[in-house]
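This briefing walks through a few local features of one structure, and it is best read with the sequence and the 3D view side by side.

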Amino acid sequence: LINTSLAYDENGDIARSGKVHGVLLEEFLSHKYYQQTQLPIGVGPDDFPEVLFHEWHASAKKLGVSDIDFLCTLVELTAKQLALAAKRFGGFHIAGGMTDDILMRGGVMRNSYFVERVRIQMSEQLGIQVKRISTLADLDIDEESWEQAMYATFGYLCFNNMYNFVPSCTGASRPVVGG
């Protein structure tokens with residue numbers, strides 16, 4: 001696929017040079033993981049095993065899709081699914097178009113094409129104008145200390161008897177104060 005000597009698609013430049021293949025994107029969107037009616041707690045290799053990647057790549061080849069267009073379509077799939085999940089499971093203040101505050105963290109922030117596609121998909125799916133994707137640095141939180149900040153927030157909420165585990169984020173049946 002593409003250039004196997006590359007560790008990753010720096011800045012998303014390869015994917016950016018491709019075109020999304022609509023038929024393939026719709027096929028990928030029909031995957032059972034994306035059809036769940038309850039918020040998934042996580043995603044792992046059992047949900048998307050390597051064999052599935054090879055099956056999807058074979059489908060792309062059968063349709064005459066280039067490797068670059070396949071990569072571009074996978075980027076679009078991920079961006080669109082993040083936005084669809086925010087719309088589906090994010091609650092009224094998210095799905096109702098009442099926020100344009102989207103935060104992303106990690107190394108993926110160095111892939112400007114992916115960040116751009118997430119911003120555009122969030123705008124489309126949520127019916128809002130997302131001008132930019134925020135980072136932890138925008139909140140004055142060091143990337144290496146985000147987990148401590150999260151636990152401090154949980155502790156603050158617990159100490160103040162405020163819900164810190166809610167169904168829209170955890171899949172629990174009711175909000176709870178935990179700690």
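Two residues are in contact when heavy atoms of theirs lie within 4.5 Å of each other. The model is predicted, and the points below take up a residue in a helix, the crossing of that helix with another, and a residue elsewhere in the chain.

**T73 and its surroundings**
- T73 is part of helix 4, which covers residues 67-89.
- Because its relative accessibility is 0%, and buried means under 20%, T73 counts as buried.
- Leaving aside residues up to four places away in sequence, T73 touches K19, V20, H21, L24, L25 and F28.

**Helix 2 against helix 4**
- The axes of helix 2, which spans residues 22-29, and helix 4 come within 10 Å and cross at roughly 45°, and that angle makes helix 2 oblique to helix 4.
- The crossing in which helix 2 passes helix 4 is right-handed.
- On the side of helix 2 the contact is made by L24, L25, E26, F28 and L29, which meet F70, T73, L74, E76, L77, K80, Q81 and L84 in helix 4.
- Sorted by type, the residues of this contact between helix 2 and helix 4 comprise eight nonpolar, two polar and three charged ones.

**R174 and its surroundings**
- R174 is found in the segment that follows helix 8 (167-170).
- With a relative accessibility of 53%, where exposed means over 50%, R174 counts as exposed.
- Not counting residues up to four places away in sequence, R174 touches F165 and P167.
- R174 and Y163 are eleven residues apart along the chain, and their C-alpha atoms are separated by 9.8 Å.

Key
Residues numbered from 1 in each chain as written. Predicted model: local features only at pLDDT ≥ 70, side-chain atom pairs only at ≥ 80, totals over all residues. Heavy atoms only, no water. Helix = DSSP H or I, 4+ residues; strand = E, 2+ residues; numbered from the N terminus. Buried < 20%, exposed > 50% of the residue type's maximum accessible area, 1.4 Å probe, protein only. Axes fitted to C-alpha atoms, helices over the stretch in contact; angles between N-to-C directions. Parallel < 35°, antiparallel > 145°, perpendicular 65-115°, else oblique. Left-handed = near helix turned anticlockwise from the far one by under 90°. Nonpolar A, V, L, I, M, F, W, Y, C, P; charged D, E, K, R; others polar.
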